[in-house]
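Biologist: Could you take a close look at one of the chains and talk me through it slowly? I'm a first-year student, and I'd like each term spelled out when it comes up.

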Amino acid sequence: MRVLGIETSCDETAAAVVEDGHKVLSSVVASQVDLHARFGGVVPEIASRAHVELVNPVVAEALVEAGAALDDVDAVAACHGPGLAGALLVGVSAAKALAFTADRPYVGVNHLEAHLYASWLEEPDLRFPVAVLVVSGGHTLLVVVEDHGRYRLMGETVDDAAGEAFDKVARLLGLGYPGGPAVDRVAAAGDPAAVAFPRPMLGDGFDFSFSGLKTAVLYHLRREPSANVADVAASFQEAVVDVLVAKLAAAAEEAGATALVVGGGVAANSRLRQRVLEAAEAAGRRAVVPQVSLCTDNAAMIAALAHRRLLADGPTPLDAGVDPNLRLPRAP
Amino acid sequence: MLILAVDTAGERVGVAVGRGPVVIGAVTLDGRRRHAEQLVPAVRYLFRELGLKPGRLAAVAVGTGPGLFTGLRVGITTATAMASALRIPVVGIPSLDLVAYPLRHTTRTIAAVLDARRHEVFWALYEPVPGGIQRVSEYEVGSPDTLGADLTARPGDHLVAGSGALAYADLFEPLDHVELAGPSHAGPDATALVELAAARLEREEFSRPSEVRPLYLRRSDAEINWGRAAS
Ligand SMILES: [Zn+2]
């Protein structure tokens with residue numbers, strides 16, 4: 001079975017064709033990062049407008065790359081939440097229109113759940129349970145996947161998302177937008193032990209908090225205006241990574257997980273990737289650190305999840321809408 | 001030649017199917033801003049009742065606004081996605097034209113006015129001409145008072161139609177030489193879209209799906225604020 005997936009929940013317009021839930025025949029992502037850069041963050045109205053212009057060409061390219069016509073796909077899926085309402089509506093409208101036109105089922109899927117499924121695209125034989133950390137500009141959550149469709153939410157952020165903290169600190173350091181790659185790049189030349197930034201909520205359950213850490217960076221820069229930018233970036237990054245990895249490892253321990261898994265845009269961070277591999281090895285568990293293109297927002301993960309959802313729950317009705325605040329389905 | 005016409009620029013979801021310029025089915029729903037939920041099911045209902053398959057369509061026509069951004073995007077995305085999939089042309093027609101066209105048999109100047117929220121309206125002015133209407137202003141966005149002053153300053157009689165006319169009836173009704181069209185003219189009319197699109201197709205004036213763009217008339221708030229900060 002081939003599924004065409006569409007993703008437009010934030011600032012990437014993406015489409016992909018995935019066969020049998022794990023074989024990626026094509027995955028096209030049009031990033032709008034340049035459109036939002038001058039505003040220092042994603043502007044919902046600009047994102048929605050760009051999705052309207054990009055969605056059809058991106059879908060067409062995904063079909064061409066997969067060597068498929070619309071009639072060759074068996075279902076059309078879109079992310080229906082969580083995300084920016086106006087942005088989600090574009091992908092969902094396109095998917096429904098294509099599903100109706102080709103007389104195929106439409107499947108609306110949860111963006112967060114799709115991030116969890118990205119790891120199965122690389123490791124289809126992954127055994128349950130697994131501990132997954134999804135970190136991006138919009139989300140920070142720690143989940144134990146007990147079985148297909150059975151999720152135990154262990155923790156989430158109580159304030160800023162991890163990616164937001166990177167963006168804000170990058171701005172404080174004058175590194176530009178998006179902050180994640182900028183901090184990662186600069187931090188490579190810095191000393192991660194140069195500044196002893198706090199490790200918020202370390203050893204305190206599975207929830208995260210990053211707004212205090214951003215404030216600590218601000219105060220440090222006020223106290224020492226000539227601080228070495230690379231050292232500050234490396235020290236900040238180390239503090240974030242320490243907390244993320246410690247909680248991921250602890251969740252894996254508590255759940256008896258077979259593997260430590262990361263996803264989301266922040267999972268592109270080179271230090272986080274390295275530290276997850278080390279933590280998994282130390283604990284004698286597998287590590288799944290998917291290629292960056294599967295961590296950041298993409299439609300292959302949407303199509304992969306839609307395959308499962310279609311088999312388990314059947315199609316989504318064409319009169320379903322979007323839910324900008326959709327939560328991860330809880331374990332029954 | 002089968003044409004599917006959709007307009008979701010206003011509160012309504014409007015869908016019509018034409019065999020050439022002749023409308024063979026139409027659905028109008030008070031969308032209550034549930035355009036994304038209602039549009040494709042409305043199209044499916046019409047096709048089912050008419051015994052048609054999407055593959056038989058020759059073109060898709062869509063109202064391009066100006067209007068409420070979200071509705072506009074749902075309509076344009078749905079229309080262009082269908083047209084891309086079927087490899088058929090799209091005809092985009094401004095939604096204000098679809099408010100004015102059904103009133104073409106008047107002798108007065110027609111002001112098509114759609115509610116833009118934030119105490120603003122979208123509008124354009126039209127003169128009836130043989131066989132249709134001719135637009136005599138730009139597509140505008142602004143306060144209803146500006147439009148009221150505009151109409152008062154113009155010679156002749158005016159017929160004011162659309163959701164923006166109804167929302168600010170208290171303002172327009174007392175004006176001299178101005179009459180309000182009723183609530184049946186509140187939104188862009190998908191059956192008018194069939195007629196106008198059929199004529200365009202006849203003249204081979206159509207676009208590829210990627211060329212159809214919403215007529216926003218407003219920049220995003222972020223761009224407006226950024227422009228202010230920069231200037
Ligand atoms: Zn995401």
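Modeller: Let's get one definition out of the way: helices (H or I, at least four residues) and strands (E, at least two) are DSSP runs, numbered from the N terminus. With that in hand, find A:P129, which sits in the loop between α4 and β6 (130–135) of chain A. The bond linking A:F128 to A:P129 is a cis peptide bond, with omega at about -10°. Chain A also has a cis peptide bond between A:G81 and A:P82, and there omega is about -5°. A:P82 belongs to the loop that runs between β4 (75–81) and α3 (85–102) of chain A.

Two things to know about the picture. Residues count from 1 along each chain as its sequence is written, while chains get letters from A and ligands get numbers from 1 in the order in which they are written. This is a predicted model, where local features need pLDDT of at least 70, side-chain atom pairs count only at pLDDT 80 or more, and totals for chains, interfaces and linings use all residues; side-chain values use heavy atoms, with hydrogens and water left out.

Now zoom out to the whole of chain A. You'll find 11 helices and 10 strands in it. Its radius of gyration (taken over C-alpha atoms) is 20 Å, close to the 20 Å from the globule rule (2.2 Å times the number of residues to the power 0.38) for 332 residues, so chain A is as compact as a globular protein of that length. Along the principal axes, its C-alpha trace stretches over about 65 × 45 × 30 Å. Of those 332 residues, 58% count as buried, meaning under 20% relative accessible area (exposed is over 50%, partly exposed is in between; 1.4 Å probe, protein chains only).

What about contacts, meaning heavy atoms within 4.5 Å? Take the ones in chain A between residues at least 6 apart in sequence: 72% of them join residues at least 24 apart.

Chain A is also split into domains, with bounds from an automatic or database domain assignment. Domain 1 covers 2–115 + 294–313, and domain 2 covers 127–291. Their C-alpha centres are 27 Å apart. Where the two domains of chain A meet, 16 residues of domain 1 are in contact with 17 residues of domain 2.

Next stop, the zinc ion. A:H111, A:H115 and A:H139 each coordinate the zinc ion through NE2, and A:D297 does so through OD, at 2.1 to 2.6 Å. Donors, by the way, are N, O and S atoms within 2.8 Å of the metal (3.2 Å for Na, K and Ca), and water is not among the atoms, so sites may look incomplete. Read along the sequence, the donor residues of the zinc ion follow the spacing H-x3-H-x23-H-x157-D. A:H111 is in helix α4 (residues 111–122) of chain A, whereas A:D297 is in the loop between α10 (292–295) and α11 (300–313) of chain A, so this pair ties together parts that are 186 residues apart in sequence. Both A:H111 and A:D297 are buried.

For another tucked-away spot, go to A:N269. This residue is in the loop between β9 (259–263) and α9 (270–283) of chain A. Its relative accessibility is 6%, which is why A:N269 counts as buried. Leaving out residues up to four places away in sequence, A:N269 touches A:F166, A:D184, A:Q237 and A:V241.

One of those partners, A:D184, takes us to helix α6 (residues 179–187) of chain A, where A:G179, A:A182, A:V183, A:D184 and A:A187 are buried. The cover over the buried residues of α6(A) includes α5 (162–172), α8 (229–255) and α9 of chain A.

Let's finish with a contrast to all that burial. A:D103 is in the loop between α3 and β5 (106–110) of chain A. At 67% relative accessibility, A:D103 counts as exposed. Its backbone is worth a glance too: phi of A:D103 is near 55°, a positive value in a residue other than glycine.

Methods
Contact = heavy atoms within 4.5 Å.
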